[in-house]
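Colleague: Could you walk me through this model? I am new to reading structures, so please take it slowly.
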Amino acid sequence: MKKPLAALLCAIMVAGALTGCGSKTTETKAPETTAETNASETTGETKTAEATGDKVWVIATDTVFRPFEYTNENNEFVGIDVDILAAIAEDQGFKYELQSLGWDAAVAAVQAGQADGLIAGATIKQERIDSGWIFSEGYYNATQTFVVPAESDIASFEDLAGKNVAVKNGTAGADFANSLKDQYGFTVTVFEDSPTMYQDVLLGNSAACVEDTPIMADNIKTGNLALKIPEGMESEGAPYGFAIMDQNNQELLDMFNAGLANIKESGKYDEIIAKYLGE
C-alpha cells in the first residue's frame, strides 16, 4: 500500500510543478480590461477567466509597434490598437485580457489556441487567409515603405543594387522587399523586431529597411532616428485587421466588427487616430 501512495503523492507534486511553469509562460503586461476599465490606465494583477468565472477573451499583440502598440513614459501599454480594442470592448460590453508578447509569439499563441485573437497591425493579405487567419473588417489602411539613413543618397529601387535590406519577419514589409529583390538585385536579412531592424540600418549593416509607413514616420519623429523615407519607394498599401484563427471564436470577431462600425459612426475612432497620428 505504501508504494501506490508514494506514487500518487509524486504525481501530485509533478502536476503542481508543471502548473507553476505554465503560469509563468502566460504572464501578461496588460491587465484584464472590461467595458468599465481601460487597459492603458490601470495597474495590478491580471485576472483570468477562471478567476472571475466570466468569459474573458485573450487577445495577443506585439510589444513594440509604435504608434499602434508600445509602452509610454509612464510604463503604460498604449497605442492605436490598444485604444481601438478598449473602445470596441466598451461598446460591445465584453471583457478581454491583452497579452503583449511580440509579433512572432503573438501569432503563435493564437495559432496554438493560447489566445483567442490578435491585434498587432496585421495586414490583411491572401497568404494569411489561405493559412487559416480569419480577419475582421479593415481598421486602418497602411502602405509599406523603404527607409534609408538620413545622409543616404538612395532615392530609388535601382540604387539598392548589390546592397542589403533589413526586414521584419512575417510582415507585409518583408513581402514587399522580397517581391522586389530579384528585380533590383538586393539581398534581404530578416529580424524579429522593428527596433533591431532599424539599428541594423543605423549601424550601416543594411542600406535600408522596410516598415509600415505610419510606424516609420512616428519612430523617426519621436525617436529622433537618423533615418528618412525616400519618396516613391512605398507599396500600394493594404488594411490592418483584427484576426482569429479558430472559427469557434467567431463571436469575438463579430463583436469587433460591430464595435468598429459603431466607434467610427460615433467619432471615437477618429479621435483615437488623431490622438496618435494627428490625422
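Modeller: Gladly, and let us begin with a pair of residues: Thr61 stands opposite Ser100, which belongs to strand β5. Please keep in mind throughout that this is a predicted model.

Colleague: How many bridges join β2 to β5, and do the strands run parallel or antiparallel?
Modeller: Strand β2, covering residues 56–61, is joined to β5 by six bridges, and the two strands run parallel.

Colleague: And how many residues of β5 are buried?
Modeller: Strand β5 spans residues 95–100, and five of its six residues are buried, so that the strand is mostly covered.

Colleague: What about the largest nonpolar core, which residues have the most contacts inside it?
Modeller: That core has 46 residues, and those with the most contacts inside it are Ile59, Ile84, Phe94, Tyr96 and Tyr139. Helix α3 gives the most to this core, contributing eight residues. Another core lies apart from it and has 17 residues, among them Ile154, Ala207, Val210 and Met233.

Colleague: Staying with α3, where is Asp81, and what does its side chain make a polar contact with?
Modeller: Asp81 is found in α3, the helix of residues 80–92, and its side chain makes a polar contact of 2.7 Å with the side chain of Tyr139. Not counting residues up to four places away in sequence, Asp81 touches Phe68, Glu69, Ile119, Ala120, Gly121 and Tyr139.

Colleague: Which side chain of opposite charge is nearest to Asp81, and how far away is it?
Modeller: The nearest one is Lys168, 9.9 Å away, and Asp81 has no salt bridge although it is buried. A salt bridge would need the charged atoms to be within 4 Å, so a distance of 9.9 Å does not qualify.

Colleague: Changing topic, in what order do the five strands of the open sheet come?
Modeller: The order is β11-β10-β12-β9-β13, and the pairing in this sheet is mixed. Strands β11 and β13, the latter covering 227–228, stand at the edges with a single partner strand each, so one side of each has no neighbour in the sheet.

Colleague: How do β10 and β11 pair?
Modeller: Strand β10, which covers residues 164–168, pairs with β11 in the parallel sense over five bridges, and Val167 stands opposite Val190 in β11.

Colleague: Is Phe191 in β11 buried or exposed?
Modeller: Phe191 lies in β11, which is made of residues 187–191, and it counts as buried because its relative accessible area is 15%, where the cut-off is under 20%. Leaving aside neighbours within four places in sequence, Phe191 is in contact with Ala166, Val167, Lys168, Asn169, Thr196, Met197 and Asp200. Phe191 and Asn169 are 22 residues apart in sequence, while their C-alpha atoms are 5.8 Å apart in space.

Colleague: Now a loop residue: where does Ser136 lie, and what does it touch?
Modeller: Ser136 lies in the loop between β7 (134–135) and β8 (140–142), and it is buried, because its relative accessible area is 6%. Not counting residues up to four places away in sequence, Ser136 touches Ile124, Gly241, Phe242, Leu253, Phe256 and Asn257. The C-alpha atoms of Ser136 and Ile244 are separated by 8.4 Å, although the two residues are 108 residues apart along the chain.

Colleague: Last one, which residues of α8 are buried?
Modeller: In helix α8, which covers residues 213–223, the buried residues are Pro214, Ile215, Met216, Asp218, Asn219 and Ile220. Just after α8 comes Asn224, which takes a positive phi of about 50°.

Notes: Residues numbered from 1 in each chain as written. Predicted model: local features only at pLDDT ≥ 70, side-chain atom pairs only at ≥ 80, totals over all residues. Heavy atoms only, no water. Helix = DSSP H or I, 4+ residues; strand = E, 2+ residues; numbered from the N terminus. Buried < 20%, exposed > 50% of the residue type's maximum accessible area, 1.4 Å probe, protein only. Lys, Arg positive; Asp, Glu negative; His and termini not counted. Polar contact = N/O pair within 3.5 Å; in protein donor to acceptor, adjacent residues only side chain to side chain. Contact = heavy atoms within 4.5 Å. Core = buried A, V, L, I, M, F, W, Y, C linked by side-chain atoms within 4.5 Å. Pairing = 2+ DSSP bridges.
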